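These are my notebook entries on how chains meet in a model, written down in the order in which I looked things up.

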Number of protein chains: 4
Amino acid sequence: MKLWDKGTPLHSLVESFTVGDDYLLDRELLPYDCRATASHARALEKTGILTRGEVEKIDAALQDAQGIEILREHEDCHTALEEFLTARLGDLGKKIHAGRSRNDQVMAALTLWTREHLLRTGGELLSLCDGLNEFARRNELSMPGYTHMQRAMPSSVPLLFGSYLESLLEDLELLHGAFRVINRNPLGSAAGYGTSLGLDRELTAEELAFEGVRNCILVQARPRLMAVALMPLTFIMKTLERMASDLLLFTMEEFGFFSLPDGLTTGSSIMPQKKNYDILELVRARSALVHGYAHEVDMLGIRLTSGYHRDFQLTKRPVLEAFAETMNCLAMMRLIVSELSADPDAMRKALTPELFAADRACELVKQGVPFREAYRSVAAGLDELSVPGSIIPERCHLQFRDYRGEIDRYRKLHEALGEGKKSPSR
Amino acid sequence: MKLWDKGTPLHSLVESFTVGDDYLLDRELLPYDCRATASHARALEKTGILTRGEVEKIDAALQDAQGIEILREHEDCHTALEEFLTARLGDLGKKIHAGRSRNDQVMAALTLWTREHLLRTGGELLSLCDGLNEFARRNELSMPGYTHMQRAMPSSVPLLFGSYLESLLEDLELLHGAFRVINRNPLGSAAGYGTSLGLDRELTAEELAFEGVRNCILVQARPRLMAVALMPLTFIMKTLERMASDLLLFTMEEFGFFSLPDGLTTGSSIMPQKKNYDILELVRARSALVHGYAHEVDMLGIRLTSGYHRDFQLTKRPVLEAFAETMNCLAMMRLIVSELSADPDAMRKALTPELFAADRACELVKQGVPFREAYRSVAAGLDELSVPGSIIPERCHLQFRDYRGEIDRYRKLHEALGEGKKSPSR
Amino acid sequence: MKLWDKGTPLHSLVESFTVGDDYLLDRELLPYDCRATASHARALEKTGILTRGEVEKIDAALQDAQGIEILREHEDCHTALEEFLTARLGDLGKKIHAGRSRNDQVMAALTLWTREHLLRTGGELLSLCDGLNEFARRNELSMPGYTHMQRAMPSSVPLLFGSYLESLLEDLELLHGAFRVINRNPLGSAAGYGTSLGLDRELTAEELAFEGVRNCILVQARPRLMAVALMPLTFIMKTLERMASDLLLFTMEEFGFFSLPDGLTTGSSIMPQKKNYDILELVRARSALVHGYAHEVDMLGIRLTSGYHRDFQLTKRPVLEAFAETMNCLAMMRLIVSELSADPDAMRKALTPELFAADRACELVKQGVPFREAYRSVAAGLDELSVPGSIIPERCHLQFRDYRGEIDRYRKLHEALGEGKKSPSR
Amino acid sequence: MKLWDKGTPLHSLVESFTVGDDYLLDRELLPYDCRATASHARALEKTGILTRGEVEKIDAALQDAQGIEILREHEDCHTALEEFLTARLGDLGKKIHAGRSRNDQVMAALTLWTREHLLRTGGELLSLCDGLNEFARRNELSMPGYTHMQRAMPSSVPLLFGSYLESLLEDLELLHGAFRVINRNPLGSAAGYGTSLGLDRELTAEELAFEGVRNCILVQARPRLMAVALMPLTFIMKTLERMASDLLLFTMEEFGFFSLPDGLTTGSSIMPQKKNYDILELVRARSALVHGYAHEVDMLGIRLTSGYHRDFQLTKRPVLEAFAETMNCLAMMRLIVSELSADPDAMRKALTPELFAADRACELVKQGVPFREAYRSVAAGLDELSVPGSIIPERCHLQFRDYRGEIDRYRKLHEALGEGKKSPSR
């Protein structure tokens with residue numbers, strides 16, 4: 001039976017149109033709904049609506065509820081949970097709904113789920129940083145740097161992989177900002193306008209380790225909150241996409257700077273000789289999807305007035321998928337970095353003399369020639385330049401820079417957030 | 001076994017990362033793959049690779065193939081079909097793959113599927129037009145017209161619903177343009193660069209009722225082609241969204257111009273009195289999704305060079321879902337229009353005197369007063385205006401205009417496309 | 001003075017916030033406003049509000065109005081025009097506004113402008129098609145075809161450039177669909193709900209060569225109509241973007257398949273040896289912008305109810321810029337195609353033996369070997385393959401195909417639209 | 001003369017295609033280019049390329065450079081500045097370019113500009129918070145709360161305006177995250193691969209109050225960095241858009257909860273009685289634009305490999321405009337809040353009995369009735385409910401909550417960032 005059933009049967013087409021696939025997606029959310037429900041029981045106890053003994057019975061039932069099945073008839077995990085509790089506890093199962101609405105349940109579960117998955121995503125990100133640092137350490141090689149898609153100046157593997165690593169740490173900084181915004185208590189907002197039960201929202205905030213309580217109406221601005229959660233994912237995917245695009249170029253036969261073992265590449269159904277880097281293409285493609293999901297969530301919320309709108313229901317799938325895709329891509333890139341080979345010969349061959357023209361101009365500058373004149377003088381004699389075989393000593397920024405300390409510092413910050421400690425800047 | 005298997009086992013994480021959910025989506029595509037395969041068999045027969053008898057055996061097997069199950073191990077329907085044909089026909093089942101690649105199979109099936117679903121979508125659209133025309137005929141009522149979200153001038157139910165109807169017919173015009181672009185033969189493009197088997201692409205075009213043959217490389221520009229297919233859907237959803245937004249406003253208690261019976265509305269889990277128009281909200285929300293899907297497809301294709309990229313695989317889901325959502329929404333709006341009630345009293349009450357100020361100014365103009373002066377003179381005496389009770393005779397554009405003839409003309413054009421006749425403008 | 005002035009001064013901050021830059025953009029629209037105004041005068045004449053003599057005076061004044069200056073105080077060209085006519089014609093200049101609102105004027109001018117610029121864009125597109133056909137004729141060369149960014153099979157310059165050309169003709173098909181939708185009369189819609197003056201909308205439609213009259217409310221759905229106009233531009237830009245991306249890859253030193261003379265490339269401020277293909281990068285970037293503009297227009301209209309909203313004002317700039325950018329890019333690509341050189345040696349060198357593996361497998365298939373077995377047998381002996389020096393005779397689809405006839409057919413269709421003839425499919 | 005001039009004249013069409021409108025936009029950036037150039041001079045001094053005396057001359061010239069004119073021939077402010085310095089200082093003016101490229105100059109100026117404008121935006125945001133807090137304090141009124149666009153439960157002006165205020169403070173949290181990411185030194189990155197001059201990047205970081213130095217390649221990932229800067233703006237605009245959408249609904253005659261004085265509204269050119277809330281519509285529309293600009297920036301960067309691409313040039317305009325629009329909208333909303341009137345009578349009238357159904361159900365719950373039964377019992381007797389006239393005491397969350405302390409805490413954090421102090425969490 002629907003939570004809002006009023007006796008009039010719903011048109012069958014309408015039913016299938018409105019239910020959607022929440023009953024599938026909610027498998028993910030159920031444990032978080034249980035956790036929020038346990039906390040809500042404590043708030044009801046404080047108002048005197050539930051007794052201590054009743055709360056304990058509810059806690060016990062919630063333990064068993066983790067594994068219940070969510071059926072299409074339930075519409076979502078919240079109805080499934082309520083039916084389970086009522087079947088198990090009778091009238092007590094009904095009382096637990098006092099002072100909540102389904103939107104309150106959805107937002108409580110989604111907030112807890114999102115908070116947890118931001119932490120997990122940050123954990124995967126830090127693992128990838130470890131891998132990138134190791135790869136750069138093992139491959140202190142010169143390679144060409146490109147601008148306008150043309151060979152331009154000497155670069156190096158550590159400089160390139162350091163750019164991915166620093167980019168990820170910046171992404172983590174944005175993720176922590178999103179975490180702080182998300183991490184506020186939605187419980188007690190009911191349908192978006194609170195209740196007259198006098199529920200103690202500070203109590204449930206404390207219980208669930210939230211940093212403060214969110215305004216009831218703001219809790220219901222779900223697309224905005226989900227946009228906050230997806231925001232760092234879009235930045236992570238931008239970083240991974242740049243990495244994938246670089247590797248897709250540099251693994252072409254025409255470059256050959258990097259390669260992956262056969263177990264990480266695929267073949268063609270019609271061309272026996274092909275070795276395809278599908279994983280990299282799919283990371284690149286999933287960046288498009290994650291941006292697409294963030295965009296969908298924005299579009300679902302745009303121009304709506306305050307208060308719940310049914311449109312918000314459709315934000316669930318893009319959010320769940322964006323997290324799943326991003327975490328998969330982080331793990332896949334970690335695997336790639338651990339299996340990737342660099343080819344020093346191919347890189348050396350590509351370091352043609354003209355790449356050192358700017359350096360030569362700089363030498364003239366040091367000897368007192370104005371830059372513009374040095375530039376013209378070098379341009380006139382490009383062929384005479386000779387090419388160094390390894391990382392050029394005076395270009396020390398091309399050498400391996402160890403990010404171990406910085407990664408560790410971020411890991412500590414990240415773990416502190418995860419332990420429910422008050423985050424540093426609030 | 002993978003179509004491209006080379007003996008090296010694929011890393012298990014990579015396998016699950018690359019497979020995706022094509023094996024689920026491809027249930028839709030399988031019949032179209034069968035149809036294209038039958039046609040390809042004829043082309044092979046013409047080159048002498050298959051005999052007439054072999055083609056007949058293949059045809060018989062393809063009849064039975066419609067219902068085969070697609071397993072995760074298959075990756076997609078194309079492998080499932082090839083395995084089925086090989087199990088059934090032995091070596092002959094293998095020969096059918098000559099001169100094709102998986103991309104060729106995907107594009108052939110997708111093109112046929114898309115063509116068919118553009119036709120179905122157009123059919124649903126025309127049914128909704130019928131419903132809108134009927135509703136306008138039954139409800140020839142005056143109502144206020146709004147600008148800047150403020151009551152502005154007299155409008156009418158026929159004028160408003162006529163605006164939806166005309167908008168849909170324009171959307172159908174765009175759909176027919178998309179149909180013409182889609183409706184060209186991809187068979188024979190193989191991996192995007194054709195084959196040396198001398199397959200007769202005109203023959204298969206004729207067989208499959210395509211209007212001409214598409215350049216092999218262009219066939220592989222899949223995201224662009226899918227963008228063409230989704231384009232008319234985004235316009236249809238814009239029209240439905242405007243209609244849903246209007247009805248969501250005009251069903252508010254503050255207006256009460258329209259209402260739906262209880263069987264088409266839902267209630268609240270916490271507020272016993274609520275009557276919510278969730279269907280309309282979900283139509284509005286699905287417009288956001290369909291736009292989002294079109295955007296995903298664009299993003300998946302952007303800035304890629306010619307030739308197949310694995311990114312393209314991920315266009316399948318947004319395309320299939322966009323068509324499903326759009327057709328659902330058209331059907332749902334058809335249902336709404338058949339059940340919607342208009343409230344003449346509420347509309348009459350809202351037709352307050354100031355709405356007739358511009359009309360009064362026009363009368364003065366007819367008497368020779370320059371418009372700007374008429375405007376100021378009316379502005380000074382707003383209260384004296386009296387309100388007519390029904391559609392004002394001299395505002396004849398507010399009366400019911402019968403679109404029956406125009407709908408029928410479009411229906412004939414549409415059916416002509418569907419019968420594989422050459423479409424008019426090519 | 002504002003057209004809607006009521007005596008209360010507008011807050012100065014509000015004034016600058018609301019005016020925007022229409023007064024700059026409207027330079028483009030003024031001639032179209034004049035043309036629509038002349039037509040409106042005829043409709044007023046028919047109702048008896050203007051005499052024949054007055055209409056002639058207005059026509060004469062409108063001739064001179066083409067060059068008037070639009071000042072910031074005017075807000076837009078419509079006010080500038082009205083002030084000019086009033087200064088010139090006195091009361092008669094005021095009368096011309098009878099039965100119109102500013103939205104009517106905006107939509108009339110924008111519709112005429114858009115119609116004209118769709119035609120011009122199509123003209124540029126056809127010129128580029130001429131250039132592509134010529135380039136393909138002059139350069140009948142084999143080159144490698146890529147899939148997954150890896151060399152895959154033999155392709156050719158005519159096949160590649162034919163793919164751009166066919167893509168553009170498909171884009172033109174979509175442009176013609178958009179033209180048909182746009183090409184309906186907005187005059188007489190006033191503020192979106194018509195007037196009681198009994199203006200003859202068929203008359204003005206005939207005068208302005210529109211195919212039919214658009215529903216008043218639908219006229220005001222401006223973002224949707226502008227989305228129709230921008231739609232073909234996004235497809236044209238997708239085609240140009242693919243072309244730019246291909247050329248940016250194939251002009252890299254690592255490929256060297258194509259090059260442009262120095263006058264079409266730029267240098268670097270720090271690297272004397274650089275030769276950068278900025279034009280191609282900027283075409284690629286402008287594709288992003290044009291997609292962005294189309295997206296802005298969508299966002300500006302999303303979820304709004306029927307009737308004018310001030311939001312619509314902001315659609316003007318993205319529309320004007322999208323047309324300007326697209327036409328520039330078409331012209332720029334025309335220039336590139338006329339100056340581009342292909343390097344047969346670089347292409348021949350890149351046609352390595354393994355690209356012919358699929359062909360070799362096909363030969364075995366013709367000899368009766370099942371495709372999968374042929375595939376495995378070839379995969380085992382890749383090195384033995386020998387490479388042909390020019391376009392392989394049996395791969396006839398790689399030869400130059402002359403699109404002259406098809407281009408001419410489209411050019412005729414296009415010119416017919418431009419001459420105000422009824423377009424073929426309606 | 002172009003910085004990269006090589007003697008070959010650039011095709012004139014190409015020139016106008018590539019220059020763009022940087023020379024106009026760069027008026028904004030010039031002072032920041034001067035500041036970065038002064039800092040770079042210090043780094044050159046440390047390497048011995050410049051003497052103390054030369055640096056002092058450069059500093060003096062840079063003082064005067066603030067007001068130089070940027071011409072179309074200059075292309076951008078960087079060339080204009082170099083020409084000015086060369087004209088003033090001769091060879092010394094040329095030397096200042098040593099170890100920089102135009103991209104380095106662009107990123108240095110853009111980073112400083114963006115950092116400063118994030119601070120200003122935050123300042124405007126905090127002023128609006130002050131205004132919202134004041135408005136809520138002055139208008140402690142009950143009003144209906146809506147869900148699904150239907151009246152649902154009692155809400156209040158302080159609850160609603162508190163939801164805007166809290167949302168803005170969360171947006172500020174995200175802005176601070178963006179600030180931390182932006183606030184790292186790009187100087188010394190040259191063309192993206194550093195230089196061999198041994199420039200001390202820590203020194204210039206210190207000079208310019210950056211928190212650390214950014215990897216050279218990462219500096220060039222300009223679209224990503226600009227996306228970081230625009231990110232908080234999109235969230236601010238989401239908040240303002242919700243506020244504008246609410247007010248546009250609640251100022252309709254059908255509601256009448258709020259109104260603005262005539263000086264903040266506009267009229268109609270055809271309907272003398274109209275009072276339009278154009279400012280609110282334009283805030284809503286500018287939210288669409290700012291989202292569009294962020295999207296453009298994303299699209300400009302998507303799928304590009306590491307290293308500078310000319311595409312990046314086109315990110316400048318959307319970034320500059322997004323900041324200008326957001327700051328204008330914040331200021332405009334501040335004005336609106338200061339002039340807005342609430343109508344207690346209209347609100348009281350709209351608080352119809354059924355809105356108290358959930359409260360009544362809660363009372364029954366407190367008396368021990370299970371929630372679902374209470375719900376059904378209330379649903380059966382809706383008409384008997386009586387309506388309280390003011391904020392209901394037991395719904396204490398509807399009362400005014402003073403955010404003064406929280407706003408002040410954020411203002412201090414914000415000012416600390418602005419003073420170049422190390423921000424708290426790094």
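**Entry 1, charged pairs.** I began with the salt bridges between chain A and chain D, in what I must remember is a predicted model, and I found a count of 14 for this pair of chains. As one of these I looked up A:R184 and D:E170, whose side chains meet in a salt bridge with 2.3 Å from N to O, a separation that falls within the 4 Å cut-off.

**Entry 2, polar contacts and what lines the interface.** I then looked up polar contacts across the interface of chain A and chain D, and the rule gave 30 residue pairs, both residues being at pLDDT 80 or more. On the side of chain A that touches chain D, I noted that the largest share comes from helix α7 (residues 157-182) of chain A, which supplies 15 residues. Sorting that side of chain A by class, I obtained 44 nonpolar, 24 polar and 30 charged residues.

**Entry 3, extent.** I asked myself how many residues of each chain are in contact, and I found 98 residues of chain A against 98 residues of chain D. Together the two chains bury about 8300 Å², and 57% of this is on carbon and sulfur atoms.

**Entry 4, a second copy.** Turning to chain C, I saw that chain A can be laid on it with an RMSD of 0.1 Å, by a turn of 180° and a shift of 0.0 Å along the axis. I therefore wrote this down as the relation of a two-fold axis. In chain A the C-alpha nearest the axis belongs to A:E254, 2.9 Å from it. The same surface serves both copies, since 100% of the contact residues of chain A recur in chain C.

Conventions: Residues numbered from 1 in each chain as written. Chains lettered and ligands numbered in written order. Predicted model: local features only at pLDDT ≥ 70, side-chain atom pairs only at ≥ 80, totals over all residues. Heavy atoms only, no water. Contact = heavy atoms within 4.5 Å. Buried area = accessible area lost by both parts, 1.4 Å probe. Polar contact = N/O pair within 3.5 Å; in protein donor to acceptor, adjacent residues only side chain to side chain. Helix = DSSP H or I, 4+ residues; strand = E, 2+ residues; numbered from the N terminus. Nonpolar A, V, L, I, M, F, W, Y, C, P; charged D, E, K, R; others polar. Least-squares fit on C-alpha atoms with pLDDT ≥ 70 in both.
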